[in-house]
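Q: Let's zoom in on just one part of this predicted model. Pick a stretch and tell me what its residues are up to, and what comes just after it.

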Amino acid sequence: KSIEKLNDHEIREKTGFYKEYLKQNKSVDNIIAEAFAVVREASRRTVNMRHFDVQIIGGKVLHEGKIAEMKTGEGKTLVATLAAYVNAIDDKSVHIITVNDYLAKRDSEWMGQIYKFLGLSVGCITSDTEHKTRPEQYDCDIVYATNNEIGFDYLRDNLKNDYELLCFKKDAFAIVDEV
């Protein structure tokens, strides 16, 4: 309830606050409930969708690196925003991996509204993404991509000699759709 009372600016400021908190070697687990509430409220304000309690549990399961089994229509796309946010504020590159270009593009634009509202950057990698722009996309806080593109970009990185040209430059957290 306390997060619902905040104005847009105050909600956006939470991202910077959390990042500073985590830089002091604090655990994301100490702020996860409030951070999830921030994402839930940002979602309501941007895409007019509010996480149900069961979806919040699913977000915690994903954050813990476990599999959350959900049927079509139960909101996997929205659930991923919770785990993606808390890992992005913990200075990890978050990769949300899906099965086709359409879903990667759709979800990066749709759920991207939530992340951008919260001050995070969003990238998208599809088969149409030029190779020279891929490192820029991967440098975003949250990147939507297909399994094929992620796999081949990883292999190509092993052939590169210039760090700046690498797609994968820091620790990552991955959420795999349809695992």
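**Helix α1 and the residue after it**

A: N25 counts as exposed because its relative accessibility is 76% (exposed means over 50% relative accessible area, buried under 20%, partly exposed in between, with a 1.4 Å probe and protein chains only). Where does N25 lie? It's in the loop between α1 and α2, and α1 is followed by this very residue, with its positive phi near 60 degrees. N25 takes that phi although it isn't a glycine.

Quick housekeeping: this is a predicted model, so local features need pLDDT of at least 70 and side-chain atom pairs count only at pLDDT 80 or more, while totals for chains, interfaces and linings use all residues. Residues are numbered from 1 along each chain as its sequence is written, and side-chain values use heavy atoms, with hydrogens and water left out.

Now back up to the helix itself. α1 covers residues 8-23 (helices are DSSP runs of H or I, at least four residues, and strands are runs of E, at least two, numbered from the N terminus). At its start, a side-chain oxygen of N7 comes to within 3.0 Å of the backbone nitrogen of H9.

How does the length work out for α1? Its 16 residues, at 1.5 Å a residue, should span 22 Å (1.5 Å times one less than the number of residues). The end C-alpha atoms of α1 sit 24 Å apart, which agrees.

Which residues of α1 are buried? They are I11, K14, T15, Y18, Y21 and L22. Reading along that list, it helps to recall that an α-helix has 3.6 residues a turn, so residues three or four places apart point the same way. Note that the buried set of α1 includes a lysine, K14, and a threonine, T15, along with I11 and L22. As for partners, the buried residues of α1 pack against α2 (32-46), α4 and α6 (112-117) (contact means heavy atoms within 4.5 Å). So α2 turns up twice in this picture: the buried residues of α1 pack against it, and the loop that holds N25 runs between α1 and α2.

For a companion to N25, look at D91, in the loop between α4 and β1. D91 has a positive phi of about 60 degrees too, and isn't a glycine either. It's exposed as well, because its relative accessible area is 55%. And α4, on one side of that loop, is among the helices that the buried residues of α1 pack against.

Definitions and conventions:
Polar contact = N/O pair within 3.5 Å; in protein donor to acceptor, adjacent residues only side chain to side chain.
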